[in-house]
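Me: I'd love a close look at one part of this structure, the cavity and the strands around it. Once that is clear, please carry on to the aromatic contacts and anything else that helps me picture the fold.

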Amino acid sequence: MTRSSVLELLQSDKILQEVTVNGWVRTFRSNRFIALNDGSTINNIQCVVDFEKTDEAIIKRITTGAAVSIKGTLVESQGKGQNVEIQVSEIQILGDSNPDEFPIQPKKHSLEFLRENAHLRVRTNTFSAVMRVRSALSFAVHKYFQENGFNYVNTPIITGSDAEGAGEMFGVSTFETNKAPVDENGNIDYKQDFFGKETNLTVSGQLEAETFAMALGKVYTFGPTFRAENSNTTRHLAEFWMIEPEVAFMDLDGNMDLAEDFIKSVLAYVLENCKDDLAFLDQRLTDEEKVKPQAERSEMTLLEKLRFITENNFKRVSYTEAIDILRNSKPNKKKKFQFPINEWGADLQSEHERFLVEKHFKCPVILFDYPATIKAFYMRLNEDGKTVRAMDVLFPGIGEIVGGSQREERLDVLKEKMAALDIDEKELWWYLDLRKYGTAVHSGFGLGFERLVQFATGMGNIRDVIPFPRSPQNAEF
Ligand code: 4AD
Ligand code: MG
């Protein structure tokens, strides 16, 4: 007899048929009712054990966390809460779980406790739901791009360049700590290192993706990126996954259209395909909100927020307009911002982004045309000589979810900007080559995948939407 998944059984019409299912015991009540889960769905299947016919030694081993194989008859359930259940005819313990030691008890655990047990937390309803939604979202990402003529490109993880120019990189070296050879000036001599030059884990695949866009037209990356920024926040990870489309012959307006359409499409996909998990996460968030003070509670439930995104247009606002709004805003005048907004040119902090999205516009916002001084070197300079064709997509509860731009395609302007920022032309000779041979208008953006998963699942902390989070002082597992 072939084995079925719990999902198949709960949806099936195999009533009165013999079935086999494997899974882990979530709970065992009254020496009779097993709630069995195998990860195929958030829902458990109830398996009813006839304890008079079952060996007592076996009954004792049916404990929370144990792996079991069950054979039985699928029947309509008399009890509440499920349509079908299994009347067990044979149960085999595949792997015991000591109930006194297993950390995941059938009760509510704190997210902090579960983070310390990240190897087991996916056995809870919350984390299995989050991880299934994460998986569906990544499929939706590929589906969107593949159906829209994009080619998937795997940009390198080890690189010699700092794409964002922020210097927040993890070095990659085979030198032994404290034994690295030094040159005549006392600096580490990377010529003797594995790659013969200084290398690091990539902070973005953009620069390499641009080379592919200038040949394949429409490309995207979807891979791990690394940032050694010491930000202990609910929105930053040291290792996260980024999605970066890059498109030739597309300007900033096209870029905004693409970002908006893409985000709406992947959220619509999970709304359609993750109904049970989202219903669970929606209830979870509602319960969590209940204990918050009234003023901090969200006006919308998770499902309402997701539908709101898919059904409404994002508001497009220039940086200059945004600064005016912020400067004249109540929190700014009442000195409620940690970083007060005084003049044009100020970098926007998450408190400002969230004010614009959550309080002022009350919808996702795309800010564009930022001051050149606060953005990366590769962004296209506007005619005014002081702003660049940058865009950030800002989301409620999250702040920046996308950062992108139209790229500087003019060789002379790019060289000037690099010189001003002290970026060595020799390091990026290949990037400059793109501007020498068939240069063209092109644009792209980066979307932080975990921030998207956070939004889709309503989880407050980014560390709870990636299997094994890496953050300052934390690389367990
Ligand atoms: O705005 P960022 O730094 O943009 C770039 O890296 C560009 N090269 C992208 C491009 O144009 N191809 O990062 C893009 C996005 C952010 O908007 C944010 O969602 C996410 O990546 N991100 C992080 N997510 C989690 N943890 C961090 N430390 C993150 N840093 C950025
Ligand atoms: Mg950014």
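**The cavity and its surroundings**

Reply: Happy to help! The largest cavity encloses about 30 Å³ of space. Please keep in mind that this is a predicted model. Searching the whole structure for cavities of 30 Å³ or more turns up one.

Which residues line the largest cavity? They are Ser-69, Ile-70, Lys-71, Glu-90, Ile-91 and Gln-92. Two elements each give two or more residues to this lining, namely strand E5 (67-76) and strand E6 (84-95). Sorted by class, the lining has two nonpolar, two polar and two charged residues.

How do these two strands run relative to each other, parallel or antiparallel? E5 and E6 are antiparallel, and ten bridges join them. One of the bridge partners is easy to find in the viewer: Val-75 is matched with Glu-85 in E6. Strand E6 also pairs with strand E4 (residues 45-48), this time in parallel, through three bridges. There, Gln-46 has Glu-85 of E6 as its bridge partner. Glu-85 is thus a handy residue to select, as it is the bridge partner of Val-75 and also of Gln-46.

From here, let's step back to the whole protein. It has 14 helices and 17 strands. Its C-alpha atoms fill a box of roughly 85 × 55 × 45 Å along the principal axes. Of its 477 residues, 50% count as buried.

Another piece of sheet may be useful for comparison. Three strands form an open sheet in the order E8-E10-E9, with antiparallel pairing. Strand E8 (158-159) and strand E9 (171-172) are at the edges with a single partner strand each, so each has one side without a neighbour in the sheet. The link between E8 and strand E10 (residues 199-201) is antiparallel and consists of two bridges. Within it, Ile-158 stands opposite Leu-201 of E10.

Now for the aromatic contacts. The structure holds 21 aromatic pairs. A pair of aromatic rings is described by the distance of the centres and the angle of the planes. Take Tyr-152 and Tyr-220: why does this pair count as stacked? The ring centres are 5.1 Å apart and the planes meet at 25°; stacked requires planes under 30 degrees apart, so the pair of Tyr-152 and Tyr-220 is stacked. Tyr-152 belongs to strand E7 (residues 151-152) and Tyr-220 to strand E11 (residues 218-226), so the contact ties together parts that are 68 residues apart in sequence. The two rings sit in contrasting surroundings: Tyr-152 is partly exposed at 35% relative accessibility, whereas Tyr-220 is buried at 0%.

A second pair, Phe-337 with Phe-355, is edge-to-face, with 6.0 Å from centre to centre and 85° between the planes. Phe-337 is in the loop between helix H10 (330-333) and helix H11 (350-361), while Phe-355 is in helix H11, and the two are 18 residues apart. Are these two rings buried or exposed? Phe-337 counts as buried, at 9% relative accessibility, and Phe-355 is buried too, at 13%.

The stacked tyrosines also belong to a wider group. Tyr-144, Phe-145, Phe-150, Tyr-152, Tyr-220, Phe-262 and Phe-445 form one aromatic cluster.

Aromatic rings also meet charged side chains here. The charged end of Lys-375 sits over the ring of Tyr-370, 4.2 Å from its centre. Likewise, Arg-435 lies over the face of Tyr-431, with 4.1 Å to the ring centre.

Finally, two backbone details deserve a look if you check torsions. Lys-362 is not a glycine, yet its phi is positive, near 55°. This lysine is found in the loop between H11 and strand E14 (365-371), and Lys-362 is partly exposed, with a relative accessible area of 48%. Asp-369 also has a positive phi, of about 55°, without being a glycine. Asp-369, however, lies in strand E14, and it is buried, with a relative accessible area of 16%.

Methods. Residues are numbered from 1 along each chain as its sequence is written. Chains are lettered from A and ligands numbered from 1 in the order in which they are written. This is a predicted model: local features need pLDDT of at least 70, side-chain atom pairs count only at pLDDT 80 or more; totals for chains, interfaces and linings use all residues. Side-chain values use heavy atoms; hydrogens and water are left out. On a 1 Å grid over the protein atoms alone, a cavity is a set of points where a 1.4 Å probe fits but cannot get out, and a pocket is an open set with protein on both sides within 12 Å along at least five of seven lines; lining residues have an atom within 4 Å of a point. Grid points are joined across faces, edges and corners, and a volume is the space filled by probe spheres set on the points. Helices (H or I, at least four residues) and strands (E, at least two) are DSSP runs, numbered from the N terminus. Ala, Val, Leu, Ile, Met, Phe, Trp, Tyr, Cys and Pro count as nonpolar, Asp, Glu, Lys and Arg as charged, and the others, Gly among them, as polar. Rings of Phe, Tyr and Trp (its six-membered ring) pair if their centres lie within 6.5 Å; planes under 30 degrees apart count as stacked, over 60 as edge-to-face and the rest as tilted. Buried means under 20% relative accessible area, exposed over 50%, partly exposed in between (1.4 Å probe, protein chains only). A charge sits over a ring if NZ of Lys or CZ of Arg is within 6 Å of the ring centre and within 35 degrees of the ring normal. Two strands pair if DSSP finds at least two bridges between them.
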